[in-house]
Amino acid sequence: MTDEPLREVRRAVYRPVREGNALEDTVARLVQTIRLGVVAPGESLPPERELALRYAVSRDTVREAIRELADAGFLVPRRGRYGGTFVADPLPQPPDPGKVDAAELDDILGLRRVLEAGAARAAAERTLDQPVREELWARFEATSTASEGDYRRLDTLLHLTIAEMSGIPSLVNLAAENRARVNAWLDTFPLLPRNIEHSNEQHERIVTAILAGRADAAESAVLDHLAGSEALLRGFLA
């Protein structure tokens with residue numbers, strides 16, 4: 001159950017692209033899918049015909065976008081009976097972004113606080129049925145026991161699960177786009193074991209507050225959690 005992204009998360013990354021920049025937007029959406037871990041390293045993307053339908057573009061556009069990302073080392077096309085387009089494993093090492101513009105960092109992280117704290121509050125205020133409650137707890141457990149190589153992917157899916165449980169589909173779209181931007185920065189510096197341990201403790205507080213219907217506590221726990229990752233991002237990038 002925890003390996004399959006949720007419905008609204010998949011809708012967010014596979015929704016139709018804008019007209020006029022179909023190739024560029026298709027490439028960007030595929031990169032977002034990879035950065036968010038919706039398709040894990042070594043797993044296959046949906047078939048070209050399905051991607052073309054979801055993005056509302058031609059199959060030629062999808063093929064060209066895949067070719068561009070294959071040339072860049074993100075995707076591996078394979079032919080034959082068990083062929084398809086697979087996410088590279090391992091993914092190429094992101095380049096050092098150098099010093100990130102402070103205004104851009106403030107903008108992305110400020111939006112992240114609004115989106116994720118609001119999502120946790122909204123999720124805690126809803127009446128969640130048992131399968132949804134079990135899904136949230138399972139994603140927390142998967143993240144807390146993840147290997148170092150899989151931690152950021154499962155951490156991302158936990159955060160996006162909370163966004164989905166807000167019951168606001170358009171918030172999921174915004175959260176996915178924002179998280180992809182944040183992940184592009186996070187991927188440029190190493191995971192810190194003590195930070196992972198602390199994050200897992202904070203995740204437990206967030207999840208238990210949501211499941212208990214304590215909206216203030218859920219919102220507060222998310223803001224505490226994000227403050228820690230913001231400190232790391234500013235330390236490494238600013």
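# Exercises on a predicted model

**Exercise 1.** Classify Ala22 by its accessibility and describe its surroundings.

*Solution.* Ala22 has a relative accessibility of 26%, so it counts as partly exposed; the class runs between the cut-offs of 20% and 50%. This value, like the others below, is computed on a predicted model. Next, place the residue: Ala22 belongs to helix α2. Then list its contacts, leaving out residues up to four places away in sequence: Val17, Val57 and Thr61. Finally, take a pair that is separated along the chain: Ala22 and Ser58 are 36 residues apart in sequence, and their C-alpha atoms are 9.0 Å apart in space.

**Exercise 2.** State how confident the prediction is for the protein chain, and where confidence is lowest and highest.

*Solution.* Start with the average: the mean pLDDT of the protein chain is 92. Then check the spread, where 98% of the residues score at least 70. By element, the lowest mean is 89, in helix α1 (residues 7-13), and the highest is 97, in α5. A general caution applies: predicted coordinates should not be read in detail where pLDDT is low.

**Exercise 3.** Describe the fold of the protein chain by its elements, and decide whether the chain is as compact as a globular protein of its length.

*Solution.* Count the elements: the protein chain has 10 helices and two strands. Their order along the sequence is α-α-α-α-β-β-α-α-α-α-α-α. Now compare the radius of gyration with the globule rule. The radius is 18 Å, close to the 18 Å that the rule gives for 238 residues, so the protein chain is as compact as a globular protein of that length. The C-alpha trace spans about 50 × 45 × 35 Å along its principal axes. As for burial, 47% of the 238 residues are buried. Last, consider contacts between residues at least 6 apart in sequence: 74% of them join residues at least 24 apart.

**Exercise 4.** Characterise the largest pocket by volume, lining residues and contributing elements.

*Solution.* The volume of the largest pocket is about 600 Å³. Its lining has 23 residues, and those closest to the centre are Pro41, Leu91, Gly149, Arg152 and Asp187. Two or more lining residues come from each of α2 (22-35) and α7 (151-165). The largest share, four residues, is from α7. Sorted by class, the lining holds 11 nonpolar, five polar and seven charged residues.

**Exercise 5.** Repeat the analysis for the second largest pocket, and then examine Arg181, one of the residues nearest its centre.

*Solution.* Begin with the volume, about 410 Å³ for the second largest pocket. There are 18 lining residues, and Ala28, Gln32, Glu177, Ala180 and Arg181 lie nearest the centre. The elements that supply at least two residues each are α2, α5 (102-125) and α8 (169-186). Of these, α8 gives the most, with seven residues. By class, this lining has eight nonpolar, two polar and eight charged residues.

Now turn to Arg181, which sits in helix α8. Its relative accessibility is 38%, so Arg181 counts as partly exposed. With neighbours within four places in sequence set aside, Arg181 is in contact with Glu104 and Ile108. For the pair Arg181 and Ile108, the separation is 73 residues in sequence and 7.7 Å in space, C-alpha to C-alpha.

Technical notes:
Residues numbered from 1 in each chain as written. Predicted model: local features only at pLDDT ≥ 70, side-chain atom pairs only at ≥ 80, totals over all residues. Heavy atoms only, no water. 1 Å grid on protein atoms, 1.4 Å probe; cavity = no way out; pocket = protein on both sides within 12 Å on 5 of 7 lines; lining within 4 Å. Points joined across faces, edges and corners; volume = space filled by probe spheres on them. Nonpolar A, V, L, I, M, F, W, Y, C, P; charged D, E, K, R; others polar. Buried < 20%, exposed > 50% of the residue type's maximum accessible area, 1.4 Å probe, protein only. Contact = heavy atoms within 4.5 Å. pLDDT = per-residue confidence, 0-100. Rg over C-alpha atoms; globule rule 2.2 N^0.38 Å.
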